[in-house]
Structures are given as C-alpha cells and as structure tokens.
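Dear colleague,

I am handing over the structure we spoke about, with the sequence and the coordinates together below. Please look it over first, and then read on for an account of what was found in it.

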Amino acid sequence: MSDGPCRPGGTVLLTGLPSSGKTTIATATRTRVAEAGYAVEVLDGDDVRGRLWPELGLTPDDRKQNLGRITTLALMLARHGVLVLVAAIAPYAADRELMRIRHEDAGLGFAEVHVATALSACEQRDVKGLYGRRARGELTQLTGVDAVYEEPLVPHLRMDTAAETVDESTDRVLDLLLRRELIAAPPLRNGRP
C-alpha cells in the first residue's frame, strides 16, 4: 500500500471505438497518478475478458456481462481507496449508465471520458489488427463498423486523440480527476507541477 495521499477510491471509464486511444491514455494517467502517491489501477476491457472470463464473446449480451463484471471489479477496488481507470469500448449507453449508478449508490466517485477519435483514425492505427481482420472477412461484430456504438451524449470529458498528444490528453484527464475530487493535488506534468 502506498504511503501517499489517502483518498476515497473511484472509477473513470474511458469509452470509445477500438484503437481510439483508451488504454494508452489510461496507462499514461496511471503512471502520473501513481507517481503522485495514489493507489491506481487500469482495467482494460479486452485484457480483463481474456484473463478472467474468456467464455464471453462479442454478442450484445456478452458485452453487457463484460462491462457488468468489470464494474463489480472496479467497485471492489474503489472501496479500498484505489482509483480505477477502466479502458473499455462499453458500446451501450444503458450499461455505462448502470456503471455510474452503481458507483453513486456505493458513495464512490465516477467519471465518463469519451475518447471520440474518428473511425478513420482508429482504422489507420489498428493497434490489435481488428480492422484488418474485419476487412479480410475474418471478424464480424466490430464496434463502430458492423456493431453499434452508442456515443455518450454528455460525458464528463470528450477528447480526440488524433488531435492532441498523449501528454495533452493525459493532462485533460488529470484536470478531470481534480474537478471530480478523485485526486486532491495535481501530479507533476512533464516534471513540473
């Protein structure tokens, strides 16, 4: 356990299309928050599914179950003072709303970040090769292509990672953490307060 600042935990959901930059921003934010002495963890939707419940696929029901289980895991960590950064596509508005409600009911902070990078930029990045597999007919139900993504209407923060650097995106998430009182003081920014 860290000897750093003690704060109640909470969760930030970074939602967006595949290869939009969710995990990159969550990981960069984790580094900066951890350096400031906070207990912080990243839960990547694909990683968690693959490690903890590989039986889930990409059907709408499986996607709902995946986010529901991630929410339960995030709540468990947040109750112990951990700031949880969830990087998940989370394509359905109702499931994201349930995540928010469950945190509010538990008295824990919650924020939603829409990583609103355009599909064309995500296709160019294709970090996991999903768009290439879809183009070759090897994959169906790819969110934003042939599976629905319900964009957040009023997220706490909206960003386009194609229009800003990782440091700029991370700074914006840190500002959100301060506004939502999930951290008490700003972590260093590129070696400066």
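A residue is called buried here when its relative accessible area is under 20%, and exposed when that area is over 50%. Thr170 stands at 0% relative accessibility and therefore counts as buried. Please keep in mind throughout that this is a predicted model.

To begin with the chain as a whole, it has 7 helices and 5 strands, and from the N terminus on its elements follow the order β-α-β-α-α-β-α-β-α-α-β-α. The radius of gyration is 16 Å, close to the 16 Å that the globule rule gives for 193 residues, so the chain is as compact as a globular protein of that length. Taken along the principal axes, the C-alpha atoms fill a box of roughly 50 × 35 × 30 Å. Of the 193 residues, 46% count as buried, while the accessible surface comes to about 9400 Å², with 53% of that belonging to carbon and sulfur atoms. If one takes the contacts between residues at least 6 apart in sequence, 75% of them join residues that are at least 24 apart.

Turning to the strands, E1 (residues 10-15) is mostly covered, with 6 of its 6 residues buried. This holds for both of its faces, since Gly10, Val12 and Leu14 are buried on one side, and Thr11, Leu13 and Thr15 are buried on the other. E1 pairs with strand E3 (residues 83-87) in the parallel sense over 5 bridges, and within that pairing the bridge partner of Leu14 is Ala87. E1 also runs parallel to strand E4 (residues 109-115), to which 6 bridges join it, and there Val12 has Ala111 as its bridge partner.

E4 in turn pairs with E5 in the parallel sense, over 3 bridges, and Val115 stands opposite Met159 in E5. Because 6 of the 7 residues of E4 are buried, this strand is largely enclosed by the rest of the structure.

The residue named at the start, Thr170, is found in helix H7 (residues 166-179). What does Thr170 contact, once its neighbours within four places in sequence are left aside? The contacts of Thr170 are then with Ile25, Ala28, Thr29 and Arg32.

As for the helix itself, H7 has 14 residues and reaches 20 Å from its first C-alpha to its last, which is close to the 20 Å expected at 1.5 Å a residue. Thr170 is accompanied in H7 by the buried residues Ser169, Asp171, Val173, Leu174, Leu176 and Leu177. The buried residues of this helix pack against E1, helix H1 (22-35), E3, E4 and strand E5 (157-159), so that one helix brings you back to the strands described above. Just after H7, Glu181 takes a positive phi of about 60 degrees.

If you open the model yourself, Thr170 in H7 and the two covered faces of E1 would be convenient places to start reading it.

With best regards

Terms used
Residues are numbered from 1 along each chain as its sequence is written. This is a predicted model: local features need pLDDT of at least 70, side-chain atom pairs count only at pLDDT 80 or more; totals for chains, interfaces and linings use all residues. Side-chain values use heavy atoms; hydrogens and water are left out. Buried means under 20% relative accessible area, exposed over 50%, partly exposed in between (1.4 Å probe, protein chains only). Helices (H or I, at least four residues) and strands (E, at least two) are DSSP runs, numbered from the N terminus. Two strands pair if DSSP finds at least two bridges between them. Contact means heavy atoms within 4.5 Å. The expected span of a helix is 1.5 Å times one less than its number of residues. The radius of gyration is taken over C-alpha atoms; the globule rule is 2.2 Å times the number of residues to the power 0.38. Accessible areas come from the Shrake-Rupley method with a 1.4 Å probe; for residues, only the protein chains shown count as cover.
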